[in-house]
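Reader: I would like a close look at one part of this chain, followed outward into its surroundings. Please take it slowly and keep the reasoning visible.

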Amino acid sequence: MAQNTHSTNSTTWTAADIPDQSGRVAVVTGANSGIGLATVRALAGAGAHVVLAVRDPKRGQAAAESVRGSTEVRPLDLADLSSVHRFADGWDGPLDLLINNAGVMNVPEGRTKDGFEMQFGTNHLGHFALTNLLLPHLTDRVVSLSSTGHRTPGSPRIHFENLNLTGEYQAVTAYSQSKLANLLFILELQRRLTAAGSGVRALAAHPGWAATNLQSNDASALRGLLMRLGNRLIAQDSEAGALPTLYAAVQDLPGGSFVGPDGRGEMRGAPTLVGRSRAASDPAAARRLWTASEDLTGVSWNLQS
């Protein structure tokens, strides 16, 4: 069932407006630190039982110990489809909320364990597989994190002819493609859920510019330096950066909604509904990406357990 907040005014909405989450179960990927950990703290503080799905269980346990409320830690490496399958195979019972938070940004060229370009493989394909494998358990919604980077630089697109960007890799291009893929995934997922008569909703969010360790492994030393300066001078903290995710997770919003900060350039501010690029609103591209993702991961649409 949809969960209404105490206030629906996005200009004043904060984590204090999260309604009672008692009895609800949430999974947050990439929950060791940053926006993921801030999301865990807010949901657990409101009464939810939150599973920290993390690549490093030791770091995950240390993070969980800093949270007031009900938590547990389970291993999940989104760059390894066998790990994704193990996580999903180990799930038993209902899951109210899946937050696809984990990601990498502008990293040097690399491959996942299954041979996919690292950013596309981690940010999109890993979460695509995880969501579909957990879908039979989902009762409320899935929230995937995208970025304003889906719009810039230039005109980002899905490189269907070369999804791994082999021979033409550029870190920012790869990141933009992965974040565009996140939005197209939500678009097609919501279309399928609606067609199936499901009450589960798919939404997307972006944090604006939040000071986290996401920018810590940039392929460009100069860009990394500028990012660190921006973290000091411009960025919101992780708690503020998590607000769009939380708003998407608990507000009674239409499926397919995209939430981000309401400030200039969507860099910071209170959470509100925001727009997306034309490329991110293309249903034909969304369907094509879904088919390609099924072929690459071997995981197909399956709403029923």
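Does N106 count as buried or exposed, and at what relative accessibility?

Author: The model is a predicted one, and what follows should be read with that in mind. In this model N106 has a relative accessibility of 3%, and because buried means under 20% relative accessible area, N106 counts as buried. The residue belongs to the loop that runs between β4 (95-100) and α4 (118-134). Its backbone also deserves attention, since phi of N106 is near 55°, which is a positive value in a residue other than glycine.

A second residue can be set beside N106. L165 is placed in the loop between β5 (138-145) and α5, and its phi, near 55°, is again a positive value in a residue other than glycine. L165 is buried, its relative accessible area being 0%. A positive phi of about 75° is found at G197, just after α5.

From the loop that holds N106, one may go on to the helix at its end, α4, and to its neighbour α3 (residues 81-89). The axes of α3 and α4 come within 9 Å and cross at roughly 25°. Angles under 35 degrees count as roughly parallel, and α3 is therefore roughly parallel to α4. The crossing of these two helices, α3 and α4, is right-handed. On the α3 side the contact is made by L81, V84, H85, F87 and A88, while α4 contributes G126, A129, L130, L133 and L134.

The strand at the other end of the N106 loop, β4 (95-100), leads to two threonines. T39, placed in helix α1 (residues 34-45), touches I99 and, beyond it, V28, A242, T245 and L246, when residues up to four places away in sequence are not counted. T39 is buried, with 0% relative accessible area. T139, by contrast, lies in strand β5 and counts as partly exposed, at 37% relative accessibility. Leaving out residues up to four places away in sequence, T139 touches P94, L95, D96 and V200. The last of these, V200, is 61 residues from T139 along the chain, yet their C-alpha atoms are separated by 6.0 Å.

Between the L165 loop and G197 stands helix α5 (residues 171-195), whose 25 residues reach 36 Å from the first C-alpha to the last, close to the 36 Å expected at 1.5 Å a residue. Of those 25 residues, 19 are buried, so α5 is largely enclosed by the rest of the structure.

The wider setting can be given in a few values. The secondary structure of the chain comes to 9 helices and 8 strands, and 56% of its 305 residues count as buried. Among contacts between residues at least 6 apart in sequence, 72% join residues at least 24 apart; the pair T139 and V200, at 61 residues apart, may be read against that background. The chain exposes about 12600 Å², of which carbon and sulfur atoms supply 50%.

To return to the starting point, N106 is a buried residue with a positive phi, held in the loop between β4 and α4.

Terms used:
Residues numbered from 1 in each chain as written. Predicted model: local features only at pLDDT ≥ 70, side-chain atom pairs only at ≥ 80, totals over all residues. Heavy atoms only, no water. Helix = DSSP H or I, 4+ residues; strand = E, 2+ residues; numbered from the N terminus. Buried < 20%, exposed > 50% of the residue type's maximum accessible area, 1.4 Å probe, protein only. Contact = heavy atoms within 4.5 Å. Areas by Shrake-Rupley, 256 points an atom, 1.4 Å probe, with all protein chains shown as cover. Expected span 1.5 Å × (residues − 1). Axes fitted to C-alpha atoms, helices over the stretch in contact; angles between N-to-C directions. Parallel < 35°, antiparallel > 145°, perpendicular 65-115°, else oblique. Left-handed = near helix turned anticlockwise from the far one by under 90°.
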